[in-house]
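Me: Please take a close look at one part of this model. I would like the annotated site first, then the setting around it.

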Amino acid sequence: MSRKADNPNDAIYGATALSSSLPKSHFPDHEENPRRIYMAVRDELMLDGNSRQNLATFCQTWEEPEIHDLMDACIDKNMIDKDEYPQTAEIEARCVRMLADLWNAPKGPATGCSTTGSSEAAMLGGLAMKRRWEARRKAEGKTIDRPNLVTGPVQVCWHKFTRYWDVEHREIPMENGRLLMTPEEVLKLCDENTIGVVPTLGVTFTGEFEPVKAVSDALDQLQQETGLDIPIHVDGASGGFLAPFCAPDLEWDFRLPRVRSINASGHKFGLAPLGVGWIMWREEADLPEEMVFWVNYLGGDMKDIALNFSRPGGQIVCQYYNFLRLGREGYAKVHGACYDSAAYLARELGGLGPFEIVFDGNRGKGIPAVSWTLKEGLEAGFTLFDLADRLRVRGWQVPAYTLPAHCEDKSIQRVLVRNGVSRDLCALLIEDIRSALAHLDAHPRKIPLGEDDASGFHH
């Protein structure tokens, strides 16, 4: 059918535009009817997984209707145009002040900013540590060519930071029986070229908190003995919006003088829609002046810190909405329900027989997540990759993955319990796991699936 035969009254799927494959590689020559193209694009999205059943992601997959309305209202606001959108800029500043209060920063000007996500915030926190270390070394007449950063087993953003900014990454490997950073392992790797130590409040692989206070105490002792003053940056991507509400006595934030900066994801347990993170410094002196840019070509003289320039303002406005809407009480209720559901999942999974629970979602020790492995020595007749594959039949995304260095031979499975992952959904998941186990028992795999067969785990 030629384009001339196209009729505006044609039914969507009877129209010329949708009677053949749409362009996938070459740039289209002609314009098309918006309604038809909308349907074609919308149809493709059906092939994505159901985000509510994606139990691998830390990101929010459910939002109140008011959030959707605010996002629509902000679709045309560029966060960087603070002179054009002064109220959005003021809302960002209010969020920064509220976070300084939430994370117990000392009295004084709140120092921080929004970012596109927690990874960008981590980059800024790491860069500030490097610049402060360089300034100190130069003042002492020492070289600055061998900086290093000490972390526990971390997700890819810290690998990116060290590679992009030419910093040696001293990552503490896991060992059987120890899956986290410990003060003893930290001290083994620190020296005069260490720009900082990064504990994670909610390790990606298992969900557990690393011991920020114990590491801080150990570094205090190291300073007394050697004079080395090594700062801490806390990666609070998940835990930064959990511990203040559900484990308020846990000391991990600016209550510890050695903690100089914190990054967190607004779009994870901060409950904002995708696209906002936060970086906060303890006080103004912790943000090197050379990281601050002043721009005057958008209608005013504006302060800019973030790596990204143009970015949407809606997520920041919605973050502010959540702060006002929920307060400490509301966040505690939402996250408390998630922790309770995680504990339920851990109990039920432990009772199924073949699993050993690695982390049970204890609110004082980690995020609302459950991770498990197959019992040592068990001849199960299937792998966790087989189980993950079987759960896909019912739409659940519960990926299996291997642990990082020194524990690569150990596979693990993990569920994140976020806002919207209700107790009832958890009960349905347990029933589907029970059915999957029965299926795998009745139809044992001749060639079990392994990591190379898995669909991927990228969080």
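Reply: What follows starts at the annotated lysine and then moves out to other residues and the whole chain.

This is a predicted model, in which local features need pLDDT of at least 70, side-chain atom pairs count only at pLDDT 80 or more, and totals for chains, interfaces and linings use all residues. Residues are numbered from 1 along each chain as its sequence is written, and side-chain values use heavy atoms, with hydrogens and water left out.

The annotated site is Lys-268. An unreviewed UniProt entry places the feature "modified residue: N6-(pyridoxal phosphate)lysine" there. UniProt positions are given in the numbering used here, feature names are shortened, and annotations may be inferred rather than shown by experiment. Lys-268 sits in the loop between strand E6 (259-265) and strand E7 (277-281). Helices (H or I, at least four residues) and strands (E, at least two) are DSSP runs, numbered from the N terminus.

Is Lys-268 buried or exposed? Lys-268 is buried, because its relative accessible area is 12%. Buried means under 20% relative accessible area, exposed over 50%, and partly exposed in between (1.4 Å probe, protein chains only). Beyond residues up to four places away in sequence, Lys-268 touches Phe-58, Cys-59, Gln-60, Ala-237 and Ser-238. Contact here means heavy atoms within 4.5 Å.

Next comes Gln-53. This residue lies in the loop between helix H1 (34-45) and helix H2 (65-73). Gln-53 counts as buried because its relative accessibility is 17%. Leaving aside neighbours within four places in sequence, Gln-53 is in contact with Arg-394, Gly-395, Trp-396 and Gln-397. Take the last of these partners. Gln-53 and Gln-397 are 344 residues apart in sequence, and their C-alpha atoms are 6.1 Å apart in space.

Ala-306 is another loop residue, found between strand E9 (302-304) and helix H9 (314-350). Its relative accessibility is 9%, so Ala-306 counts as buried. Not counting residues up to four places away in sequence, Ala-306 touches Cys-113, Ser-114, Glu-120, Leu-124 and Arg-311. Glu-171 gives a distance to set beside those contacts. Ala-306 and Glu-171 are 135 residues apart along the chain, with 26 Å between their C-alpha atoms.

Arg-170 lies in strand E3. Arg-170 is buried because its relative accessible area is 17%. Leaving aside neighbours within four places in sequence, Arg-170 is in contact with Asn-148, Leu-149, Val-150, Thr-151, Leu-189 and Asp-191. Val-358 is 188 residues from Arg-170 in sequence and 25 Å from Arg-170 in space, C-alpha to C-alpha.

Two backbone angles deserve a check. Asp-166 has a positive phi of about 55° although Asp-166 is not a glycine. Asp-166 is found in the loop between helix H5 (156-164) and strand E3 (168-171). With a relative accessible area of 63%, Asp-166 is exposed. Asn-104 has a positive phi of about 60°, and Asn-104 is not a glycine either. The loop between helix H3 (86-102) and strand E1 (111-115) holds Asn-104. Asn-104 is partly exposed, with a relative accessible area of 32%.

One helix residue rounds off the local view. Asp-217 is found in helix H7 (residues 212-226). Asp-217 is partly exposed, because its relative accessible area is 36%. Asp-217 and Pro-86 are 131 residues apart in sequence and 42 Å apart in space, C-alpha to C-alpha.

Now the whole chain. The protein chain has 11 helices and 13 strands. Its radius of gyration is 25 Å, close to the 23 Å that the globule rule gives for 459 residues, so the chain is as compact as a globular protein of that length. The radius of gyration is taken over C-alpha atoms, and the globule rule is 2.2 Å times the number of residues to the power 0.38. Along the principal axes, the C-alpha atoms fill a box of roughly 80 × 65 × 45 Å.

Of the 459 residues, 51% count as buried. Among contacts between residues at least 6 apart in sequence, 70% join residues at least 24 apart. The chain exposes about 22000 Å², and carbon and sulfur atoms supply 50% of that area. Accessible areas come from the Shrake-Rupley method with a 1.4 Å probe; for residues, only the protein chains shown count as cover.

Charge comes last. The chain has 50 positive and 67 negative side chains, and the centres of the two sets lie 1 Å apart. Lys and Arg count as positive and Asp and Glu as negative, while His and the chain ends are not counted. The place of a charge is taken as NZ of Lys, CZ of Arg, CG of Asp or CD of Glu.
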